[in-house]
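Reader: I am new to reading protein structures, and I would like to learn how to go from a picture to a careful description. Could we take one model and work through it together?

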Amino acid sequence: MNAADLLAAAVRDGRLERSSGVSPHEHPLAARSYLSDGTGLAWHVPSALRSHGTFVLDAEIPRPVRSTLVRRYGVDDPDTFAERWTRAEALAKLADLPIITWLSRHGLTVPEHVGALRDVGETDWSTERFGDVIVTFAVTAHAQRADTSEERSPAVGGTV
């Protein structure tokens, strides 16, 4: 399944839950994001899809953009800033990069070959509004292996 199809199915069939408790203990299989009001979102991707990709999300409640950020990124509209910020955060999560590293390399833009970052693979994302929250959902499709005779270790990518 390609990244665009995975994302469409996960957003359509998944469940987004906002609550005060979205810890890994409370939602071990969900992608999670914490919000500035003390709540968080848990995205429950259907189990049939989870083995086909890595799913992440980032969410923000739009608020006035600080002048230092306006100067640095050239965006003063709170909604536009939140859309770009959540997209950068979600893609940084997929690339396994701290957001500060992502921002120093790319700012709030998406690199032309985002899938080539740290061998992330085919990637797709969608940014949407849910009430007072801007959410970016993102996925990297796992490569389908023709040879399944050896099991691969997800931790190091080697053969076990």
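Author: What follows is a walk through the sheets, the helices and the cores of this model, which is a predicted one.

Reader: Let me begin with the sheet of three strands; in what order do its strands lie, and which of them are at the edges?

Author: The order in this open sheet is β4-β6-β5, with antiparallel pairing, and the edge strands are β4 (53-60) and β5 (123-130), each of which pairs on one side only. Neighbouring strands here are turned by 15° against each other on average, direction ignored. If you follow β5 and β6 (residues 133-141), you will find that they pair over 8 bridges in the antiparallel sense, and that Trp125 has Ala138 of β6 opposite to it.

Reader: Which helices lie across this sheet, and at what angles do they run?

Author: Helix α1 (residues 3-13) lies across β4, β5 and β6 and runs at about 135° to β6, while helix α4 (residues 78-94) also lies across β4, β5 and β6, running at about 150° to β4.

Reader: How should I read the buried residues of α4?

Author: Start with the general idea: an α-helix has 3.6 residues a turn, so residues three or four places apart point the same way. In α4, the buried residues include Phe81, Trp85, Ala88 and Leu91, as well as Ala82, Glu89 and Ala92. Among the elements that cover the buried residues of α4 are β4, α3 (67-73), α5 (99-106), β5 and β6. The helix has 17 residues and reaches 24 Å from its first C-alpha to its last, close to the 24 Å expected, and after it comes Asp96, with a positive phi near 55°.

Reader: What should I look for in a strand, and which residues of β2 are on its covered face?

Author: In a regular strand the side chains alternate between the two faces of the sheet. In β2 (residues 31-34), Ala31 and Ser33 form the covered face, whereas Arg32 and Tyr34 form the uncovered one. β2 pairs with β3 over 4 bridges, in the antiparallel sense, and Arg32 stands opposite Ala42 of β3. The hairpin of β2 and β3 has 5 residues between the strands, and within it Gly38 takes a positive phi near 90°.

Reader: How many residues does the largest nonpolar core have, and which elements give two or more residues to it?

Author: In soluble globular proteins, nonpolar side chains tend to be buried together. The largest nonpolar core here has 20 residues, and those with the most contacts inside it include Leu41, Trp43, Phe55 and Val135; α1, β3 (40-44), β4 and β6 each give two or more residues to this core. Another core, of 19 residues, lies apart from it and has Val75, Trp85, Leu94 and Val114 among its members.

Conventions: Residues are numbered from 1 along each chain as its sequence is written. This is a predicted model: local features need pLDDT of at least 70, side-chain atom pairs count only at pLDDT 80 or more; totals for chains, interfaces and linings use all residues. Side-chain values use heavy atoms; hydrogens and water are left out. Two strands pair if DSSP finds at least two bridges between them. Axes are lines fitted to C-alpha atoms, for helices over the stretch in contact, and angles run from 0 to 180 degrees between N-to-C directions. Contact means heavy atoms within 4.5 Å. The expected span of a helix is 1.5 Å times one less than its number of residues. Buried means under 20% relative accessible area, exposed over 50%, partly exposed in between (1.4 Å probe, protein chains only). A nonpolar core is a set of buried Ala, Val, Leu, Ile, Met, Phe, Trp, Tyr and Cys residues joined through side-chain atoms within 4.5 Å.
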